[in-house]
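Please open the structure in a viewer and keep the sequence panel visible. The tour below proposes one selection after another and describes what is found at each stop.

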Amino acid sequence: MNVTTAGLQLNTRRRWLAEAVELISSMRFAISLLTLIAIASVIGTVLKQNEPMPNYVNQFGPFWFEVFNKLGLYAVYSAWWFLLIMSFLVLSTSLCIIRNAPKMLKDMRSWRENVREQSLRNFHHKAEWTSALPLTALAHQLAQRIAASGYKVKLVEKDAGRLIAAKRGAANKWGYIFAHSAIVIICIGGLLDSDLPIRFQEWFNGKTPFAGSGAISAIPAQHRLGVGNPTFRGNTFIPEGATSNTAILPRQNGVLVQELPFSIQLKKFIIEHYSTGMPKLFASEVVVRDDETGKTFNATIKVNQPLVYKGVAIYQASFDDGGSKLQLAAYPMTGSRRETFALKGEVGGSTPLTGAGEYTVEWTGFRPFNVENMAQSGQDVRAVGGDKGFNERFAAGLDKQLGSAAKNANNKDLKNVGPSVQYKLRDKTGQAREYHNYMQPVLLDGSMVFLTGMRDSPSESFRYVRIPADDKDTVEEWMRLRAAVFDPELRAQAARRYALHAMPEAKGNVDTLRQQLQLSALRGLEIFAGNGQEAGYVAVSKFLEKLPPAEQEKAADVFMKILNGSMWELWQAARENDGLPAAAIDEKHGRFLQLAINAISDASFYGAPVYLQLRGFDEVKASVLQVTRSPGKNVVYLGCLLLTLGVFAMFYIRERRLWVWLKPDSEGGTHALMAMSSQRKTLDFEKEFEALKTQLPGRDS
């Protein structure tokens, strides 16, 4: 009884194993895996991979960030489930090859000479005829003619007869073997180039991502990968004149430091431009030193022209600032103060902002040039609180430095608008806003303006305030008017000047009307200056909303007319107070005043105590190089070659089988029965069959 039970259990296990192998090696299982890989690839294409985690939090929110993080969607191609699918695809395809390849190879070698005469009569493509030639002579003639048509021929003796078995296109079976082997080889190559070796080192060798900050040389050994690491893909940042022998590999919870078998010194970073200002060439002139032999050599790394040394490919990925020295002027943006002070900074460092509260400036970026499509900025909008579409288009255009330069090289609307500086202004509580200021004025809507952008988080686009440039292409006049708006004495003086100029003659009750107009002008300036919470057009709008709806439109027209006139007088009073002559009353200065009022209104959203204007810089370029070791690359190339050969063989090589059964007839001649088959019945096959029928010797036709 025990022996019987054990036998049943053994048979059950074997049957279960056979069914599992049958399922895994089946076509439906492989197609299901390929479908899942296709879906994962779509996700990996649509969703940017290996971005900093805060970017995903800002994009999806805390809840969906955690959901997508658990699913591993931020690094799809290295997620455990994706690697598992790839492994099962390799297993499925390998089992399929193991099961079917021997049968195919056996069939390729087989002549199928055991066919019966009656079976040949059942073929769709067949022909029969009688020849006066003896059997042996006819057999040799038929074999020669069939061989001349490209077939391999074998003569087989049969009872009272002879069989000619022929075959052609047996290499079609190699197409199946090559194509399926290619899938396995490509998947193995992909696994070799994945971060699976790095994961193994994290799981079994105690390697952990580094989440802190500090010098790369001071990072402990548990966060470093040795020179023998078989595969990696990282970036190295090298300022001009500096040297690097490591690469940074981003991980989900930090970074790993990859040691390189050589050091790279950046001698010079080269940027060449088209006439429009768009960059057309990025290149790094480097000196490579082999750490093992001490050998050094010079090389130039360009986009799409990498340097390959010791199995490591070095690509020109991008460029950045390497610590440029900046000189700036700080203009007050709050209250009636106008005193400017000088400020210096270095990109990548920070500077305390003295004289403007407890703030720290963190210098995050500098660009010596910014190429913008000026044709997209034709509408008159104010940036902060204004047209969001303009801000997004403008910001997107400024970021296209490494994109389609060649494609846009002849675009007449592309202009280099000059240098810019980017920084974060952090208060004592740790909260920060980011700013993006341009050194030179930009021509927008027919007027020269200085652009200063701000945003509350990196996920947002910059919103730009347009500060109009004065006659000397500076911000001095706008700063003078801005400070005057918040000076009670100058506001009162401007109100008196406006009332006097509006009603110059004193007749009858003109004095009373003039006093009323002066009070209205003063009130308008006070409303526009704000109450500490709301200012500019927002405060004006809130004031007008208190009026009856039927009177709001008329009141708004009167209010804005008085405000514009009062602001003109305020500007002139401020100039007179500084010992300057009055500005000419013309269209140019009228346009300047309108833009200045708009900018002062928008400045209430600026959120910074000072406006930092770039005055000078000493640029230090830096190159960002992508460093990769891809042992699976050649494996994938081999797989692609086999896949190409396999597809070609399956689609363009047709397997054909031909049999001719010969037996003597009663009159001393020979009776012939020919049959032909193919896996695919095509028009070419029909033509070939008809041609063979007419060409074979011994036919009476």
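Two strands count as paired if DSSP finds at least two bridges between them. Helices (H or I, at least four residues) and strands (E, at least two) are DSSP runs, numbered from the N terminus. The model is predicted, so to speak of local features requires pLDDT of at least 70 and side-chain atom pairs count only at pLDDT 80 or more, while totals for chains, interfaces and linings use all residues. Residues are numbered from 1 along each chain as its sequence is written, and side-chain values use heavy atoms, with hydrogens and water left out.

**First stop: a sheet of three strands**

Select β12 (residues 325-332) together with β23 (610-618). These strands pair in the antiparallel sense over eight bridges. Within the pair, Ala 329 stands opposite Gln 613 of β23. Now add β13 (341-346) to the selection. The three strands form an open sheet in the order β13-β12-β23, with antiparallel pairing. Because β13 and β23 stand at the edges with a single partner strand each, one side of each has no neighbour in the sheet. From one strand to the next, the twist averages 30° (axes are lines fitted to C-alpha atoms, for helices over the stretch in contact, and angles run from 0 to 180 degrees between N-to-C directions).

Next, select helix α10 (residues 476-485), which lies across β12 and β23 and runs at about 35° to β12.

Pro 609 is the next residue to select; it lies in the loop between α15 (587-603) and β23. Is Pro 609 buried or exposed? Its relative accessibility is 11%, so Pro 609 counts as buried; buried means under 20% relative accessible area, exposed over 50%, and partly exposed in between (1.4 Å probe, protein chains only). Pro 609 and Tyr 331 are 278 residues apart in sequence, yet 8.4 Å apart in space from C-alpha to C-alpha.

**Second stop: helix α17**

Select α17 (residues 683-695), a helix of 13 residues. At 1.5 Å a residue it should span 18 Å (1.5 Å times one less than the number of residues), and its end C-alpha atoms are 18 Å apart, which agrees. Which residues of α17 are buried? They are Phe 685, Glu 688, Phe 689, Leu 692 and Lys 693. These residues cover an arc of only 135° around the axis (taken from the directions from the helix axis to the C-beta atoms), so they lie on the same side of α17. The face turned away from that buried side carries the exposed residues Leu 683, Lys 687 and Thr 694. Among the elements that cover the buried residues are β1 (125-131), β3 (161-168), β25 (656-664) and β26 (670-678), where contact means heavy atoms within 4.5 Å.

**Third stop: strand β3**

Keep β3 selected: seven of its eight residues are buried. Strand β2 (residues 152-158) pairs with β3 in the antiparallel sense over seven bridges, and Val 156 has Leu 163 of β3 as its bridge partner. The hairpin of β2 and β3 has two residues between the strands, and there Ala 160 takes a positive phi near 55°. Seven bridges also join β3 to β25, again antiparallel; the bridge partner of Arg 168 in β25 is Arg 656.

**Last stop: two cysteines**

A search of the whole structure finds zero disulfides (pairs of cysteine sulfur atoms within 2.5 Å). Select Cys 187, whose nearest cysteine sulfur, that of Cys 640, is 11 Å away. At 7% relative accessibility Cys 187 counts as buried, whereas Cys 640, at 37%, counts as partly exposed.
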